[in-house]
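Me: I have just opened this one and would like to be walked through it slowly. Could we start with what a term means and then go to the chain itself?

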Amino acid sequence: MPVLEVSNLEVKLSPFTLRDISFTVSEGEFFLILGPSGAGKTVLLETLAGIHYPRRGKILLRGEDITFVPPEKRPIGIVYQDYALFPHLTVEENIRYALRFRRREANLSWRKLVDFLGIGHLLSRYPDTLSGGEKQRVALARALAASPRLLLLDEPLSALDPNLRGEVGGELMRLNRELGLTVIMVTHDFSEVFSYGKRVAVLFGGRLAQVGTPGEVFRKPASLEVAKFVGMENLIPLEREGSSWLLLGRRVNFVQNFPEEKFFAGARPEDVRVSRFPLPFPYSWEGEVMGMVNTGGMFKVEVKVGVIKLKAYLTGHQVVEEGLRAGEKVYIGFAAEHLCLVKA
(Lines give C-alpha, C1' and ligand atoms only; values in the text may rest on other atoms or scores of the structure.)
Protein backbone atom coordinates (compact mmCIF):
# COMPACT_ATOMS: atom_id res chain seq x y z
CA MET A 1 0.00 0.00 0.00
CA PRO A 2 1.38 3.48 -0.87
CA VAL A 3 2.07 5.75 2.09
CA LEU A 4 0.28 8.60 0.26
CA GLU A 5 -2.55 8.46 -2.28
CA VAL A 6 -3.85 11.66 -3.87
CA SER A 7 -6.84 11.32 -6.18
CA ASN A 8 -8.74 13.86 -8.29
CA LEU A 9 -7.69 16.74 -6.08
CA GLU A 10 -9.10 20.19 -6.85
CA VAL A 11 -8.13 23.25 -4.82
CA LYS A 12 -9.51 26.73 -5.52
CA LEU A 13 -7.53 29.75 -4.30
CA SER A 14 -8.85 32.69 -6.30
CA PRO A 15 -7.75 33.24 -9.01
CA PHE A 16 -5.65 30.02 -8.99
CA THR A 17 -6.96 26.45 -9.16
CA LEU A 18 -5.30 23.06 -8.84
CA ARG A 19 -7.23 20.52 -10.92
CA ASP A 20 -7.33 16.74 -11.32
CA ILE A 21 -4.22 16.02 -9.27
CA SER A 22 -3.68 12.28 -8.79
CA PHE A 23 -0.48 10.47 -7.77
CA THR A 24 0.90 8.06 -5.18
CA VAL A 25 4.07 8.04 -3.09
CA SER A 26 5.63 4.84 -1.74
CA GLU A 27 6.93 4.23 1.76
CA GLY A 28 10.46 5.63 2.14
CA GLU A 29 10.40 7.31 -1.27
CA PHE A 30 12.10 10.64 -2.06
CA PHE A 31 9.48 12.15 -4.39
CA LEU A 32 9.94 15.47 -6.21
CA ILE A 33 7.45 18.04 -7.49
CA LEU A 34 8.85 20.12 -10.36
CA GLY A 35 7.39 23.06 -12.24
CA PRO A 36 7.81 26.73 -13.14
CA SER A 37 6.90 29.59 -10.80
CA GLY A 38 3.16 29.86 -10.36
CA ALA A 39 2.51 26.23 -11.30
CA GLY A 40 0.92 25.44 -7.94
CA LYS A 41 3.74 23.48 -6.29
CA THR A 42 3.49 25.18 -2.90
CA VAL A 43 -0.33 25.13 -2.97
CA LEU A 44 -0.20 21.37 -3.49
CA LEU A 45 2.29 20.93 -0.66
CA GLU A 46 0.18 23.06 1.70
CA THR A 47 -2.95 21.11 0.76
CA LEU A 48 -1.19 17.88 1.72
CA ALA A 49 -0.22 19.54 5.01
CA GLY A 50 -3.84 20.61 5.69
CA ILE A 51 -3.33 24.36 5.30
CA HIS A 52 -5.81 24.38 2.39
CA TYR A 53 -8.83 22.12 1.99
CA PRO A 54 -9.78 20.85 -1.47
CA ARG A 55 -13.11 21.42 -3.20
CA ARG A 56 -13.07 17.77 -4.20
CA GLY A 57 -10.80 14.76 -4.24
CA LYS A 58 -9.14 12.70 -1.52
CA ILE A 59 -5.86 12.48 0.36
CA LEU A 60 -5.12 9.13 1.97
CA LEU A 61 -2.19 8.61 4.32
CA ARG A 62 -1.52 4.90 4.85
CA GLY A 63 -5.09 4.22 3.82
CA GLU A 64 -6.61 6.76 6.23
CA ASP A 65 -8.62 9.63 4.75
CA ILE A 66 -7.00 12.87 5.99
CA THR A 67 -8.56 15.16 3.36
CA PHE A 68 -10.22 17.39 5.96
CA VAL A 69 -8.13 16.57 9.02
CA PRO A 70 -6.72 19.77 10.63
CA PRO A 71 -2.99 20.31 10.04
CA GLU A 72 -2.03 19.89 13.70
CA LYS A 73 -3.59 16.41 13.70
CA ARG A 74 -1.84 15.19 10.56
CA PRO A 75 1.39 13.19 11.01
CA ILE A 76 3.02 15.42 8.41
CA GLY A 77 5.91 17.86 8.80
CA ILE A 78 6.60 20.79 6.49
CA VAL A 79 9.72 22.92 6.02
CA TYR A 80 9.50 26.14 4.03
CA GLN A 81 12.08 27.83 1.86
CA ASP A 82 12.40 30.70 4.38
CA TYR A 83 12.55 28.20 7.32
CA ALA A 84 9.71 29.99 9.25
CA LEU A 85 11.55 29.75 12.58
CA PHE A 86 10.20 31.70 15.55
CA PRO A 87 12.63 34.63 15.90
CA HIS A 88 11.86 35.21 19.61
CA LEU A 89 12.65 31.60 20.56
CA THR A 90 16.05 29.96 20.88
CA VAL A 91 16.98 27.01 18.72
CA GLU A 92 16.12 24.61 21.55
CA GLU A 93 12.77 26.31 22.14
CA ASN A 94 11.98 26.19 18.42
CA ILE A 95 12.60 22.44 18.36
CA ARG A 96 10.78 21.74 21.63
CA TYR A 97 7.78 23.71 20.38
CA ALA A 98 7.10 20.90 17.92
CA LEU A 99 6.97 18.26 20.67
CA ARG A 100 3.48 19.37 21.71
CA PHE A 101 2.27 18.12 18.31
CA ARG A 102 3.93 14.71 18.54
CA ARG A 103 1.33 12.14 17.57
CA ARG A 104 3.29 8.90 17.89
CA GLU A 105 6.45 7.41 19.34
CA ALA A 106 9.52 9.20 18.05
CA ASN A 107 12.04 7.59 15.70
CA LEU A 108 14.64 9.62 17.57
CA SER A 109 14.48 11.50 20.86
CA TRP A 110 14.80 15.22 20.39
CA ARG A 111 18.33 15.08 21.83
CA LYS A 112 19.37 12.30 19.41
CA LEU A 113 17.75 14.28 16.61
CA VAL A 114 19.85 17.31 17.51
CA ASP A 115 22.98 15.15 17.51
CA PHE A 116 21.96 13.49 14.23
CA LEU A 117 21.74 16.91 12.54
CA GLY A 118 24.83 18.27 14.28
CA ILE A 119 23.20 21.35 15.85
CA GLY A 120 23.82 20.70 19.55
CA HIS A 121 26.15 23.70 19.80
CA LEU A 122 23.40 26.01 18.51
CA LEU A 123 20.70 25.31 21.11
CA SER A 124 21.04 28.57 23.05
CA ARG A 125 21.25 30.82 19.98
CA TYR A 126 18.47 32.72 18.22
CA PRO A 127 17.55 32.25 14.53
CA ASP A 128 18.84 35.65 13.39
CA THR A 129 22.37 34.66 14.49
CA LEU A 130 22.43 31.50 12.34
CA SER A 131 23.73 30.90 8.83
CA GLY A 132 21.42 29.65 6.09
CA GLY A 133 22.62 26.08 6.48
CA GLU A 134 22.20 26.20 10.26
CA LYS A 135 18.66 27.57 9.93
CA GLN A 136 17.81 24.80 7.50
CA ARG A 137 18.99 22.12 9.93
CA VAL A 138 17.05 23.70 12.80
CA ALA A 139 13.91 23.86 10.65
CA LEU A 140 14.39 20.18 9.78
CA ALA A 141 14.87 19.29 13.46
CA ARG A 142 11.68 21.11 14.41
CA ALA A 143 9.70 19.34 11.68
CA LEU A 144 11.12 15.93 12.60
CA ALA A 145 10.62 16.39 16.36
CA ALA A 146 6.89 15.77 15.86
CA SER A 147 7.76 12.35 14.34
CA PRO A 148 5.96 12.82 11.02
CA ARG A 149 5.17 9.92 8.70
CA LEU A 150 5.70 12.28 5.76
CA LEU A 151 8.08 15.24 5.41
CA LEU A 152 7.22 18.04 2.98
CA LEU A 153 10.01 20.35 1.78
CA ASP A 154 9.29 23.57 -0.13
CA GLU A 155 12.42 24.39 -2.17
CA PRO A 156 14.67 23.81 0.87
CA LEU A 157 17.95 24.39 -0.97
CA SER A 158 17.13 27.41 -3.13
CA ALA A 159 18.13 30.02 -0.52
CA LEU A 160 21.51 28.41 0.13
CA ASP A 161 24.79 29.19 -1.59
CA PRO A 162 26.14 26.49 -3.96
CA ASN A 163 28.57 25.03 -1.40
CA LEU A 164 25.83 24.55 1.20
CA ARG A 165 23.30 23.08 -1.23
CA GLY A 166 25.28 19.89 -1.65
CA GLU A 167 25.92 19.64 2.08
CA VAL A 168 22.28 20.14 3.15
CA GLY A 169 21.07 18.01 0.24
CA GLY A 170 23.27 15.22 1.54
CA GLU A 171 21.63 15.59 4.97
CA LEU A 172 18.19 15.25 3.39
CA MET A 173 19.24 12.05 1.62
CA ARG A 174 20.66 10.73 4.89
CA LEU A 175 17.35 11.42 6.68
CA ASN A 176 15.51 9.60 3.93
CA ARG A 177 17.92 6.67 3.89
CA GLU A 178 18.77 6.15 7.56
CA LEU A 179 15.38 7.00 9.09
CA GLY A 180 13.34 5.51 6.24
CA LEU A 181 11.51 8.83 6.09
CA THR A 182 9.15 9.48 3.18
CA VAL A 183 9.96 12.86 1.62
CA ILE A 184 8.15 15.05 -0.91
CA MET A 185 10.28 17.97 -2.08
CA VAL A 186 9.28 20.89 -4.29
CA THR A 187 11.98 22.21 -6.60
CA HIS A 188 12.55 24.08 -9.83
CA ASP A 189 16.21 23.02 -10.04
CA PHE A 190 16.88 20.29 -12.62
CA SER A 191 20.10 19.17 -10.92
CA GLU A 192 18.14 18.40 -7.73
CA VAL A 193 15.77 16.20 -9.71
CA PHE A 194 18.59 13.90 -10.79
CA SER A 195 20.47 14.12 -7.49
CA TYR A 196 17.66 13.25 -5.10
CA GLY A 197 14.51 11.93 -6.73
CA LYS A 198 13.62 8.51 -8.08
CA ARG A 199 10.30 9.87 -9.36
CA VAL A 200 9.14 13.35 -10.22
CA ALA A 201 5.76 15.00 -10.84
CA VAL A 202 5.66 17.96 -13.25
CA LEU A 203 3.06 20.68 -12.62
CA PHE A 204 1.92 23.29 -15.14
CA GLY A 205 -0.81 25.84 -14.49
CA GLY A 206 -2.32 23.83 -11.65
CA ARG A 207 -2.42 20.56 -13.61
CA LEU A 208 -0.28 17.46 -13.38
CA ALA A 209 1.48 17.17 -16.73
CA GLN A 210 3.58 14.04 -16.11
CA VAL A 211 4.77 11.66 -13.41
CA GLY A 212 7.78 9.42 -13.97
CA THR A 213 11.45 8.84 -13.33
CA PRO A 214 13.78 11.77 -14.07
CA GLY A 215 14.97 9.89 -17.16
CA GLU A 216 11.43 9.48 -18.45
CA VAL A 217 10.47 13.09 -17.86
CA PHE A 218 13.64 14.58 -19.34
CA ARG A 219 14.05 12.18 -22.27
CA LYS A 220 10.46 11.17 -23.01
CA PRO A 221 8.37 14.21 -22.09
CA ALA A 222 4.61 13.68 -22.30
CA SER A 223 3.86 16.98 -24.04
CA LEU A 224 5.43 19.86 -25.93
CA GLU A 225 5.01 22.01 -22.83
CA VAL A 226 6.99 19.59 -20.67
CA ALA A 227 9.63 19.12 -23.39
CA LYS A 228 10.33 22.85 -23.58
CA PHE A 229 10.39 23.21 -19.80
CA VAL A 230 12.92 20.40 -19.23
CA GLY A 231 15.34 21.78 -21.81
CA MET A 232 14.68 19.67 -24.90
CA GLU A 233 15.83 22.52 -27.14
CA ASN A 234 15.69 20.58 -30.41
CA LEU A 235 12.02 20.21 -31.29
CA ILE A 236 11.65 19.65 -35.04
CA PRO A 237 8.28 19.36 -36.81
CA LEU A 238 7.76 16.00 -38.50
CA GLU A 239 6.37 15.96 -42.03
CA ARG A 240 3.98 13.37 -43.39
CA GLU A 241 4.78 11.79 -46.76
CA GLY A 242 2.32 9.08 -47.69
CA SER A 243 2.51 6.47 -44.94
CA SER A 244 5.89 7.73 -43.69
CA TRP A 245 7.13 10.44 -41.37
CA LEU A 246 10.11 12.57 -42.41
CA LEU A 247 12.50 14.42 -40.15
CA LEU A 248 14.38 17.07 -42.16
CA GLY A 249 14.17 14.72 -45.14
CA ARG A 250 15.19 11.60 -43.18
CA ARG A 251 12.66 8.78 -42.90
CA VAL A 252 11.64 8.05 -39.33
CA ASN A 253 10.67 4.45 -38.62
CA PHE A 254 8.38 4.19 -35.62
CA VAL A 255 7.06 0.88 -34.40
CA GLN A 256 3.60 2.34 -33.84
CA ASN A 257 1.27 3.60 -36.54
CA PHE A 258 0.34 7.10 -35.55
CA PRO A 259 -2.86 8.82 -36.71
CA GLU A 260 -2.82 11.98 -38.74
CA GLU A 261 -1.67 14.39 -36.06
CA LYS A 262 1.05 16.96 -35.69
CA PHE A 263 4.21 15.70 -34.00
CA PHE A 264 7.62 17.03 -33.13
CA ALA A 265 10.83 15.03 -32.99
CA GLY A 266 12.78 15.94 -29.89
CA ALA A 267 16.46 15.54 -29.03
CA ARG A 268 18.30 16.91 -26.03
CA PRO A 269 21.25 19.17 -26.96
CA GLU A 270 23.65 17.13 -24.84
CA ASP A 271 22.86 14.10 -27.03
CA VAL A 272 23.65 15.92 -30.28
CA ARG A 273 27.06 15.61 -31.97
CA VAL A 274 28.73 18.13 -34.26
CA SER A 275 31.68 17.23 -36.51
CA ARG A 276 33.51 18.39 -39.62
CA PHE A 277 33.18 14.81 -40.86
CA PRO A 278 30.09 12.67 -41.64
CA LEU A 279 28.47 11.14 -38.56
CA PRO A 280 27.50 7.45 -38.26
CA PHE A 281 23.91 8.25 -37.22
CA PRO A 282 20.62 7.68 -39.05
CA TYR A 283 19.64 11.23 -38.20
CA SER A 284 22.41 13.55 -39.38
CA TRP A 285 22.59 16.50 -41.75
CA GLU A 286 25.00 18.97 -43.25
CA GLY A 287 24.76 22.46 -41.83
CA GLU A 288 26.56 25.64 -40.93
CA VAL A 289 27.71 26.80 -37.51
CA MET A 290 25.79 29.97 -36.69
CA GLY A 291 27.33 30.65 -33.32
CA MET A 292 28.88 29.29 -30.14
CA VAL A 293 28.30 30.41 -26.56
CA ASN A 294 30.46 29.41 -23.60
CA THR A 295 27.95 28.53 -20.84
CA GLY A 296 30.66 27.80 -18.28
CA GLY A 297 32.11 24.35 -18.77
CA MET A 298 30.12 23.62 -21.94
CA PHE A 299 29.71 25.32 -25.30
CA LYS A 300 26.26 25.75 -26.79
CA VAL A 301 26.73 25.35 -30.53
CA GLU A 302 23.97 26.39 -32.94
CA VAL A 303 23.93 24.84 -36.40
CA LYS A 304 21.55 25.83 -39.20
CA VAL A 305 20.12 22.99 -41.29
CA GLY A 306 17.91 24.47 -43.99
CA VAL A 307 15.57 26.80 -42.10
CA ILE A 308 15.92 24.86 -38.82
CA LYS A 309 18.47 25.70 -36.13
CA LEU A 310 19.73 22.74 -34.08
CA LYS A 311 21.55 23.07 -30.76
CA ALA A 312 24.30 20.94 -29.29
CA TYR A 313 26.18 21.13 -25.98
CA LEU A 314 29.86 20.30 -26.47
CA THR A 315 32.87 20.36 -24.20
CA GLY A 316 35.68 22.80 -24.86
CA HIS A 317 37.83 19.82 -25.87
CA GLN A 318 35.29 18.79 -28.51
CA VAL A 319 35.10 22.31 -29.91
CA VAL A 320 38.89 22.56 -30.18
CA GLU A 321 39.27 19.02 -31.54
CA GLU A 322 36.72 19.65 -34.28
CA GLY A 323 38.07 23.12 -35.00
CA LEU A 324 34.58 24.59 -34.82
CA ARG A 325 33.92 28.26 -35.50
CA ALA A 326 31.13 30.41 -36.86
CA GLY A 327 30.56 29.90 -40.58
CA GLU A 328 32.12 26.41 -40.57
CA LYS A 329 30.41 23.72 -42.66
CA VAL A 330 29.72 20.76 -40.38
CA TYR A 331 27.63 17.65 -39.84
CA ILE A 332 25.17 17.53 -36.95
CA GLY A 333 23.12 14.58 -35.74
CA PHE A 334 22.16 12.13 -33.03
CA ALA A 335 21.61 8.40 -32.53
CA ALA A 336 18.17 6.84 -32.98
CA GLU A 337 17.82 6.08 -29.27
CA HIS A 338 18.04 9.78 -28.50
CA LEU A 339 15.03 10.65 -30.63
CA CYS A 340 11.67 11.05 -28.91
CA LEU A 341 8.23 11.77 -30.29
CA VAL A 342 6.34 14.72 -28.78
CA LYS A 343 2.72 15.56 -29.56
CA ALA A 344 2.07 19.17 -30.52
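Reply: Two strands count as paired if DSSP finds at least two bridges between them. Please keep in mind that this is a predicted model.

Me: Okay, so how many bridges join β15 to β21?
Reply: Four bridges join these two strands, β15 and β21, and the strands run antiparallel. As one example of a bridge partner, Phe264 is matched with Val342 in β21.

Me: What is the strand order in the sheet they belong to?
Reply: The order is β11-β15-β21, in an open sheet of three strands with antiparallel pairing. The edge strands are β11 (234–237) and β21 (340–343), each of which pairs on one side only, and from one strand to the next the twist averages 35°.

Me: Let me pick out Gly266. Where does it lie, and is it buried or exposed?
Reply: Gly266 lies in strand β15, which covers residues 263–267. Gly266 counts as buried because its relative accessibility is 1%, and the cut-off for buried is under 20%.

Me: What does Gly266 touch, beyond residues up to four places away in sequence?
Reply: With those left out, Gly266 touches Met232, Asn234, Leu235, His338, Leu339 and Cys340.

Me: And how far is Gly266 from Ile59?
Reply: From C-alpha to C-alpha, Gly266 and Ile59 are 36 Å apart in space, and in sequence they are 207 residues apart.

Me: Switching topic: how many residues has the largest nonpolar core, and which have the most contacts inside it?
Reply: The largest nonpolar core has 45 residues, and those with the most contacts inside it are Ile95, Leu117, Ile119, Leu140, Leu151, Leu153 and Leu172. Helix α4, residues 132–145, gives the most to this core, with seven residues.

Me: Which residues is Leu153 in contact with, leaving aside its neighbours within four places in sequence?
Reply: Leu153 is in contact with Leu45, Val79, Leu140, Leu172, Val183, Ile184, Met185 and Val186. Ile184 is included in a second, separate core of 28 residues, which also includes Ile21, Val43 and Val69.

Me: Back to α4, then: at what angle do α4 and α5 pack?
Reply: Helix α4 packs with helix α5 (residues 162–178) at an angle of about 15°, with their axes 10 Å apart, so α4 is roughly parallel to α5. The crossing of the two helices, α4 and α5, is right-handed.

Me: Which residues make that contact?
Reply: From α4 the contact is made by Gly133, Gln136, Arg137, Leu140 and Leu144, and from α5 by Leu164, Glu167, Val168, Glu171, Leu172 and Leu175. Leu140 and Leu172 also appear among the residues with the most contacts inside the largest nonpolar core.

Methods
Residues numbered from 1 in each chain as written. Predicted model: local features only at pLDDT ≥ 70, side-chain atom pairs only at ≥ 80, totals over all residues. Heavy atoms only, no water. Buried < 20%, exposed > 50% of the residue type's maximum accessible area, 1.4 Å probe, protein only. Contact = heavy atoms within 4.5 Å. Core = buried A, V, L, I, M, F, W, Y, C linked by side-chain atoms within 4.5 Å. Axes fitted to C-alpha atoms, helices over the stretch in contact; angles between N-to-C directions. Parallel < 35°, antiparallel > 145°, perpendicular 65-115°, else oblique. Left-handed = near helix turned anticlockwise from the far one by under 90°.
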